[in-house]
Amino acid sequence: MDGENEESGIAMTTPSGSMTIDDLVDANHILYAQRVVDGYGHVSARHDVNPGRFWLSRSLAPALVTADDIMEFDLDGNAVEGLGRRPYVERFIHSEIYRRRPDVQAVVHSHSPAVIPFGVTRVPMRPIFHMAAFLGGNVPVFEIRDIAGATDMLISSASLGAAFALFLNDKPVALMRGHGSVAVGNSIPQAVFRAVYLEVNARLQAEAMRIGAVNFLTPGEALLAAAANDQHVSRPWELWKRELGKKTKLD
């Protein structure tokens with residue numbers, strides 16, 4: 001994402017909203033375990049009580065995030081109590097989406113590798129199987145050049161964040177040309193589900209296209225399958241959390 005160095009050696013007090021913060025820490029670790037993020041990427045959650053604020057880690061590799069690393073931000077991207085911790089440069093992706101999308105409770109930004117080619121070619125990403133039905137039709141691709149010309153590709157200001165949030169509009173996912181993608185959800189599990197299956201769909205679509213013509217989900221099928229999947233996002237979420245406990249020691 002931003003490439004900033006982490007700040008170290010600062011002991012912090014865990015903020016309020018412990019259940020959401022625990023889930024947010026798990027989300028960071030799950031996204032790493034599922035190879036959606038690596039040393040870069042971030043996931044946030046809207047504040048439990050104040051919808052005008054959100055939780056996001058300090059600038060840190062997702063697999064290393066603990067509850068003590070979670071910071072509280074307002075919708076201008078300002079840390080409420082930064083206490084010297086360095087935030088992600090691209091926190092404005094989160095702040096501006098929360099500002100414009102009251103339905104969104106969690107945001108994932110990643111550079112998941114199978115997704116990148118669909119942001120730089122003329123081949124649109126479409127749902128190839130029911131688990132990615134939330135994609136609907138063609139997934140839109142944000143072109144930062146249209147907004148700011150030549151840049152470092154990062155959404156590093158409120159104005160760029162606003163442009164991206166307006167482009168995302170009411171969609172669950174958008175790609176970012178030469179950069180990555182964003183997935184949103186009405187909960188942390190749903191946003192993580194979408195980020196994971198966005199990556200899976202990209203891999204499957206690329207593989208199917210190497211074999212031959214692809215019979216994608218129709219818009220009607222996608223609508224029905226997405227609604228059905230939304231009833232069961234807790235199933236993979238609980239599995240992914242269980243796998244974390246067995247396979248990783250991050251505390």
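**Exercise 1. Follow the ring cluster into helix α6.**

Ring pairs link Phe129, Phe134, Phe193, Tyr197 and Trp240 into a cluster. The model is predicted. Work out how Phe193, Tyr197 and Trp240 are arranged within this cluster.

*Solution.*

Step 1. Start with the total. The structure holds eight aromatic pairs.

Step 2. Take Phe193 and Tyr197. Their ring centres lie 4.8 Å apart, with 50° between the planes. Planes under 30 degrees apart would count as stacked and over 60 as edge-to-face, so the rest are tilted. The Phe193–Tyr197 pair is tilted.

Step 3. Place these two residues in the chain. Phe193 and Tyr197 are four residues apart in helix α6, so about one helical turn separates them. Both are buried.

Step 4. Move on to Trp240. The centres of the Tyr197 and Trp240 rings are 6.4 Å apart and their planes stand at 40°, so this pair is tilted. Tyr197 sits in helix α6 and Trp240 in helix α8 (residues 234-247). With their positions 43 residues apart, the pair links distant parts of the chain.

Step 5. Check burial against the cut-off: buried means under 20% relative accessible area. Tyr197 has 17%, so Tyr197 is buried. Trp240 has 7%, so Trp240 counts as buried too.

**Exercise 2. Describe helix α6 from its start to its span.**

What does a side-chain oxygen of Ser187 reach at the start of α6, and how many residues does α6 have?

*Solution.*

Step 1. Look at the start. A side-chain oxygen of Ser187 comes to within 3.1 Å of the backbone nitrogen of Gln190.

Step 2. Count and span. Helix α6 has 24 residues. From first C-alpha to last, α6 reaches 35 Å. That is close to the 34 Å expected at 1.5 Å a residue.

**Exercise 3. Lay out the sheet and the helices on it.**

What is the order of the seven strands, and which are the edge strands?

*Solution.*

Step 1. Write the order. The open sheet runs β3-β2-β1-β4-β7-β6-β5, with mixed pairing.

Step 2. Find the edges. Strands β3 (70-74) and β5 (141-142) each pair on one side only.

Step 3. Add helix α5 (residues 158-168). Helix α5 packs on the sheet and touches β5, β6 (173-176) and β7 (180-185). The direction of α5 makes about 130° with that of β6.

Step 4. Add helix α6 (residues 188-211). Helix α6 packs on the sheet, touching β1, β4, β6 and β7. Its direction makes about 145° with that of β7.

**Exercise 4. Examine strand β1 and its two partners.**

Which residues of β1 stand opposite Val107, His109 and Phe54? Is β1 enclosed or open?

*Solution.*

Step 1. Pair β1 with β4. Four bridges join β1 (residues 42-46) to β4 (residues 106-110), and the two run antiparallel. Ser44 stands opposite Val107. His42 stands opposite His109.

Step 2. Pair β1 with β2 (residues 53-57). Three bridges join them, again in the antiparallel sense. Arg46 faces Phe54 across this pairing. Strands β1 and β2 form a hairpin with six residues between them.

Step 3. Check each face of β1. His42, Ser44 and Arg46 are buried on one side, and Val43 and Ala45 on the other. Both faces are covered.

Step 4. Conclude. Five of the five residues of β1 are buried, so β1 is largely enclosed by the rest of the structure.

Technical notes. Residues numbered from 1 in each chain as written. Predicted model: local features only at pLDDT ≥ 70, side-chain atom pairs only at ≥ 80, totals over all residues. Heavy atoms only, no water. Pairing = 2+ DSSP bridges. Contact = heavy atoms within 4.5 Å. Axes fitted to C-alpha atoms, helices over the stretch in contact; angles between N-to-C directions. Phe/Tyr/Trp six-rings, centres within 6.5 Å; stacked < 30°, edge-to-face > 60°. Buried < 20%, exposed > 50% of the residue type's maximum accessible area, 1.4 Å probe, protein only. Expected span 1.5 Å × (residues − 1). Polar contact = N/O pair within 3.5 Å; in protein donor to acceptor, adjacent residues only side chain to side chain.
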